[in-house]
Amino acid sequence: QVQLVESGGGLVQAGGSLRLSCAASGRTFSNYAMGWFRQAPGKEREFVAALSWGGGSVYYANYADAVKGRFTISRDNAKNTVYLHMNSLKPEDTAVYYCAARDGAPIRPEKISSVQYWGQGTQVTVSS
């Protein structure tokens, strides 16, 4: 069982930046695909970014088109933590952001059921 705890959400003005963190339990964190999804009020949960294990020390990043060039996902395996660096934030980025994990296999952006574990979510609000 993996537990995920997010932090770093808050209120920011448009154009600003935030960094979300997700601390994970578990002894094989380096093998897990880690990612972020978000859910705005009245909308379905959607993929934001993922970092999947490619074997050894290789990881592959994948981003939703809406955040490409503005968001960066990274991980620190020594700290069992994944980050989402968000720059040039827009009001439409306002949502609850959820950390996601999957053991070994990649997180599939189009298949939310590919996620095995979810965090509790952290609110990000971008004011115009």
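Start by selecting residues 18-24, which make up strand 3, together with strand 1: the two pair in the antiparallel sense over four bridges. Keep in mind as you click around that this is a predicted model. For a landmark in that pairing, pick Val-5 and look across to strand 3, where its bridge partner is Ala-23.

Now widen the selection to the open sheet that holds these strands. Four strands form it, in the order 1-3-8-7, with antiparallel pairing. To see where the sheet ends, colour 4-7 (strand 1) and 71-76 (strand 7): these are the edge strands, each pairing on one side only. Tilt the view and check how the neighbours line up: on average they are turned by 15° against each other, direction ignored.

Next stop: strand 11, so select residues 122-127. What pairs with strand 11 in the parallel sense? That's strand 2, residues 10-13, joined to strand 11 by four bridges. Zoom in on Gly-10, whose bridge partner in strand 11 is Val-124.

Then bring up residues 95-103, which are strand 9. Strand 9 runs antiparallel to strand 11, and three bridges join them. Here the pair to click is Val-96 and its bridge partner in strand 11, Gln-123.

Stay on strand 11 and switch on side chains. In a regular strand, side chains alternate between the two faces of the sheet. Which residues of strand 11 sit on the covered face, and which on the uncovered one? Thr-122, Val-124 and Val-126 are on the covered face, while Gln-123, Thr-125 and Ser-127 are on the uncovered face. You've already met two of them as bridge partners: Val-124 with Gly-10, and Gln-123 with Val-96.

Definitions and conventions: Residues are numbered from 1 along each chain as its sequence is written. This is a predicted model: local features need pLDDT of at least 70, side-chain atom pairs count only at pLDDT 80 or more; totals for chains, interfaces and linings use all residues. Side-chain values use heavy atoms; hydrogens and water are left out. Two strands pair if DSSP finds at least two bridges between them. Axes are lines fitted to C-alpha atoms, for helices over the stretch in contact, and angles run from 0 to 180 degrees between N-to-C directions. Buried means under 20% relative accessible area, exposed over 50%, partly exposed in between (1.4 Å probe, protein chains only).
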